[in-house]
Structure formats: structure tokens, C-alpha cells
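I opened this notebook to keep track of what I looked up, one place at a time. The entries are written for someone who has not seen the structure before.

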Amino acid sequence: MAENTRDLTKGPVWQALALMSAPMVIGILAVLSVGLADAYFLGQLGGAPLAAVGFIYPVTAAVTSLSIGLSAGANALVSQAIGAGDDDAKAARLAFHAVSIAVVLSLIGAAAFFFTFPPLFKLLGANEAVMAEIALFMPWWCASFPFLVLMMLVNAIFRSHGDSNVSATLMVISAVINVGLDPILIFGFGPIPQMGTEGAALATFIARASIAGVAFAYALHKGMLYLCANPLKGLGQSAWRLAKIGGPAAFSNAINPAGMAAVTAAVATVGEAAVGGFGAATRVQQIALVPMLALSSGIGPVIGQNWGAEQKDRAAQALQAAFAFCLGYGVVVGLLLAVFAQQIASLLASDPDAAGYAATYMRIVGWSLFGYGFVVVANAAMNARDKAVWSMSLSLGRIFLIYLPGAWLGVTLLSFTGITFAAFAANVIAAIGAVWAAWKTGLLRPKALRETFA
């Protein structure tokens with residue numbers, strides 16, 4: 001195993017999970033801050049720029065799922081090779097394959113999105129004023145997309161080698177650059193003219209391009225990525241495995257924003273205040289889920305290395321420990337949201353009716369967030385051991401078999417409260433599905449449970 005690689009196949013498994021996941025909490029919060037900053041600064045320019053943000057981010061979140069899926073594939077390829085004790089050249093070659101394929105796909109995806117975004121956003125209902133703002137934002141965003149993919153793939157390689165500190169640090173620096181440039185480019189400063197919505201996109205481009213370059217150079221310096229002898233050896237097999245894992249994983253991550261958009265349509269039937277309250281509550285939910293999302297980022301390398309090393313019981317212990325954390329953390333979050341829901345809602349929604357809807361959502365759905373944690377960590381674990389179709393099926397089932405039909409039935413019978421019951425049911429039933437899927441894919445082994453926290 002290379003000098004720069006942390007061996008995740010030894011020592012207490014909970015310790016390996018903590019070392020991999022804890023830094024990612026800060027990294028993910030930093031990434032979320034960029035969207036909040038864009039919305040805050042652009043909101044000061046008027047209604048059209050703010051509305052453009054509302055249209056842009058759900059769509060770009062779905063497109064970004066390509067990078068998330070490819071990252072999952074890269075993690076599986078590299079971490080399993082490391083765990084299996086393959087020579088460093090093979091791990092570096094697999095990393096080179098993953099990055100090369102991902103960059104090519106991202107260039108194709110960015111070009112396709114650039115030429116199709118005008119009719120897409122018109123189809124979604126953007127009016128002429130909003131379309132003018134979107135047209136300022138999208139060219140720079142499309143240009144930044146390959147750099148985002150490169151950065152995420154290299155970060156996945158760092159985590160595969162057991163180093164999440166570098167990955168999280170790069171995410172934070174990228175966010176700091178982006179948020180720092182936002183007011184300068186949006187409003188203008190000194191010789192820099194006011195660029196408005198285009199300035200927000202340019203800030204994103206600069207942050208992604210610069211940090212992607214730093215990440216790539218650092219990976220080369222550490223020997224985790226280099227043009228080794230015979231770099232094309234096994235390229236076809238690597239491409240197949242990347243597609244086998246990355247395709248379903250990308251689709252899994254695209255499902256949630258698509259499903260949330262459809263659920264928002266159900267909320268809209270209740271009224272504008274309900275939409276405002278739902279939006280405020282889901283922003284709180286997004287922050288509350290960060291530790292479990294970080295855990296899903298950290299568990300992949302732990303599962304991958306141990307599965308590659310044929311330590312399947314230890315891989316199962318990792319997922320069992322992750323489930324235990326999600327359950328305990330979920331209970332704490334549910335209690336806090338139940339007690340402080342009204343106060344939190346009043347801070348985020350000035351309209352009393354919207355605040356009431358937000359508080360209702362948090363009090364009910366907060367108790368089920370552990371279930372969403374089960375889903376994301378089980379999905380990451382199954383992706384890491386080449387079972388991405390299982391994770392995709394779990395995500396599909398949660399949204400389209402439970403949440404979406406439940407939301408429309410619920411709003412018909414119980415108005416907004418029915419939608420919160422649907423969200424609660426979707427999370428809890430999906431948690432049961434995650435446990436069953438983990439059992440069927442060999443990642444839940446009761447006989448190993450007593451050793452999980454040893």
C-alpha cells in the first residue's frame with residue numbers, strides 16, 4: 001500500500017468511518033453555502049434574478065448528478081484495487097481511466113446542456129425576463145461543469161486512498177473563493193463592472209477551474225494519479241465498470257431533485273404560503289442531513305477497501321455502525337425540531353402562515369430523517385461494492401412508489417399535513433428497504449454486529 005494511503009482495513013471500524021466522514025461535514029456545508037450566497041446576493045437585484053435561481057438550481061442539481069455518479073464509480077474502482085493489495089501502478093491507472101472518461105463525458109454533457117437549456121427552461125415555465133437572466137448564467141456554468149467533474153473525481157480518489165481531509169479542504173477553499181467573488185462580480189468593485197447574474201456564474205467558473213487545477217496537481221504530486229506505463233491497459237474494462245456503477249448512481253442522485261419538484265407541485269395546490277413554508281422547512285432539513293450526507297461520503301472508501309481485501313464482515317460492520325449513527329442522530333434531530341420548530345420557522349419565514357406550514361413539516365418529518373440517512377449510506381455502500389442498480393432501485397422506490405403518490409393522495413385528503421405524512425412514510429419505509437437491500441447484497445451480517453464497535 002502506498003505511503004500516502006491510509007489503510008482502512010485495520011483498527012476499529014467506527015474510527016475509520018469517523019476519520020473519513022468528519023471532515024466532509026465542513027466540506028458539504030461549504031458547498032451548500034454557495035447556493036445560499038447566490039440566492040442572497042442575486043435577490044438584492046430584484047425578482048427576475050432571484051426567480052432565475054429558483055429555476056436554475058434544481059436543473060443544475062440534476063445535471064451535477066453525473067459527477068456524483070462518476071465519483072461513486074471512481075471510488076469503487078480505486079478503493080477496491082487498494083484494498084485488494086494491487087500494485088500502486090494499477091490503482092493509478094484506474095484513477096487515470098476514471099478521470100479521463102469523466103472529463104470526456106463532462107465535456108459532451110456541458111455542450112449538450114449549453115445548446116438545450118433555452119427550450120428546457122421555457123418548458124419549465126420561465127418567462128422572458130427570467131429567461132434573460134438564465135441566459136446570462138448558463139454559459140459560464142456550462143463552461144465550469146467539466147472542472148466540477150474533474151474536482152469531484154480527484155476528490156473521490158483522495159478519499160479512496162483514505163484521505164478525506166484534502167478533499168474537504170479543497171471543497172471549503174472552492175466555496176470561499178466563490179462566495180468571496182460573488183459580491184465583487186455581481187455588484188461590481190473598482191474597475192470591475194457590475195455583472196449581475198452573469199457575475200455569479202463567473203465566480204463559480206473561477207472557483208471550480210482554479211481548485212480543479214490545484215486538486216489535479218496535488219494528486220499528481222502525491223502519486224495517486226499519473227500517466228503510468230501502458231495507461232490504456234484495461235481501459236475498456238474500466239469504462240464498463242465506471243458505467244455500471246456511475247450510470248445508476250448518477251440516476252439515483254438525479255431522482256431526488258426531480259421528485260422534490262413534483263412534490264412542490266402538490267404543495268402549490270394548497271397555496272403560496274404553503275410553498276414558502278415547504279421551501280423554508282426543506283432548507284432546514286438539508287442542513288440537518290449534512291452529517292449523514294458526510295457519512296455517505298466517508299463510508300464508500302471504507303466499504304471499497306475492505307471489500308477489495310475480502311474482509312466482508314468488516315465491510316458489514318461499517319454499514320451497521322453507520323446505521324446506528326443515523327438512528328441515534330435522527331432521534332436527536334427529531335427531538336430538536338419538535339421542540340424548536342416554531343422558532344426556527346419564524347426566523348426563516350416572515351409570513352405567519354408560511355411559518356406555520358414550515359413548523360408543521362419539521363415537527364412531523366423531523367422524526368423520520370434517520371430513514372433518509374439509512375438510504376444515503378446504504379446507497380453509498382452498495383455503490384462501493386458494485387451494486388449500483390440496487391441503490392438506484394431504492395431511490396426510485398422511495399420517490400416514485402411512496403413519496404410522490406403519497407403526497408398527492410395526502411394533499412387531497414389532509415391538505416398540507418397529508419404531504420408531511422407522505423414524507424414521513426417515504427423515509428421510514430425506505431429505511432426498511434435499505435436494511436433489506438443491505439442484507440441481500442451481503443452488507444448486513446448480524447453475526448458481525450457484536451464486533452462493530454470493538
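The entries below go through a few helices, a surface patch and a charged pair.

**Entry on the model.** I note before anything else that this is a predicted model.

**Entry on serine 71.** I looked up serine 71 and found it in helix H2, which covers residues 47-83. Its relative accessibility is 7%, and because buried means under 20%, I put serine 71 down as buried. I then asked which residues serine 71 is in contact with, leaving aside its neighbours within four places in sequence. They are Met152, Leu153 and Ala156. With Met152 there is also a polar detail to record, since the side chain of serine 71 reaches the backbone oxygen of methionine 152 at 3.4 Å.

**Entry on leucine 235.** I next turned to helix H7, residues 235-268, where leucine 235 is found. Leucine 235 has a relative accessible area of 33%, so I entered this residue as partly exposed. Although histidine 97 is 138 residues away from leucine 235 along the chain, I found their C-alpha atoms separated by 6.3 Å. Not counting residues up to four places away in sequence, leucine 235 touches His97 and also Ile101.

**Entry on the surface patch.** I looked up a nonpolar surface patch of about 800 Å², whose members include Leu327, Val331, Val332, Trp367 and Phe424. Which helix gives the largest share of the nonpolar patch? I found that helix H10, residues 312-348, supplies seven residues, the largest share. Valine 332, which has its place in helix H10, is partly exposed, with a relative accessible area of 45%.

**Entry on the salt bridge.** My search of the whole structure for salt bridges found one. It joins lysine 312 to glutamate 310, and the closest N and O atoms are 4.0 Å apart. Side chains of opposite charge can pair when their charged atoms come close. As for exposure, I noted lysine 312 as partly exposed at a relative accessible area of 29%, whereas glutamate 310, at 58%, is exposed.

**Entry on helix H12.** I checked the length of helix H12, residues 369-384, against what its 16 residues should span at 1.5 Å a residue. The expected value is 22 Å and the end C-alpha atoms are 23 Å apart, so the two agree. I also asked how many residues of H12 are buried, and the result is 16 of its 16, which leaves the helix mostly covered. Just after H12, I recorded that aspartate 386 takes a positive phi of about 65°.

Methods. Residues numbered from 1 in each chain as written. Predicted model: local features only at pLDDT ≥ 70, side-chain atom pairs only at ≥ 80, totals over all residues. Heavy atoms only, no water. Helix = DSSP H or I, 4+ residues; strand = E, 2+ residues; numbered from the N terminus. Buried < 20%, exposed > 50% of the residue type's maximum accessible area, 1.4 Å probe, protein only. Polar contact = N/O pair within 3.5 Å; in protein donor to acceptor, adjacent residues only side chain to side chain. Contact = heavy atoms within 4.5 Å. Expected span 1.5 Å × (residues − 1). Patch = residues over 30% accessible without salt bridge, like charges linked within 9 Å, V, L, I, M, F, W, Y side chains within 5 Å. Areas by Shrake-Rupley, 256 points an atom, 1.4 Å probe, with all protein chains shown as cover. Salt bridge = Lys/Arg side-chain N within 4 Å of Asp/Glu carboxyl O.
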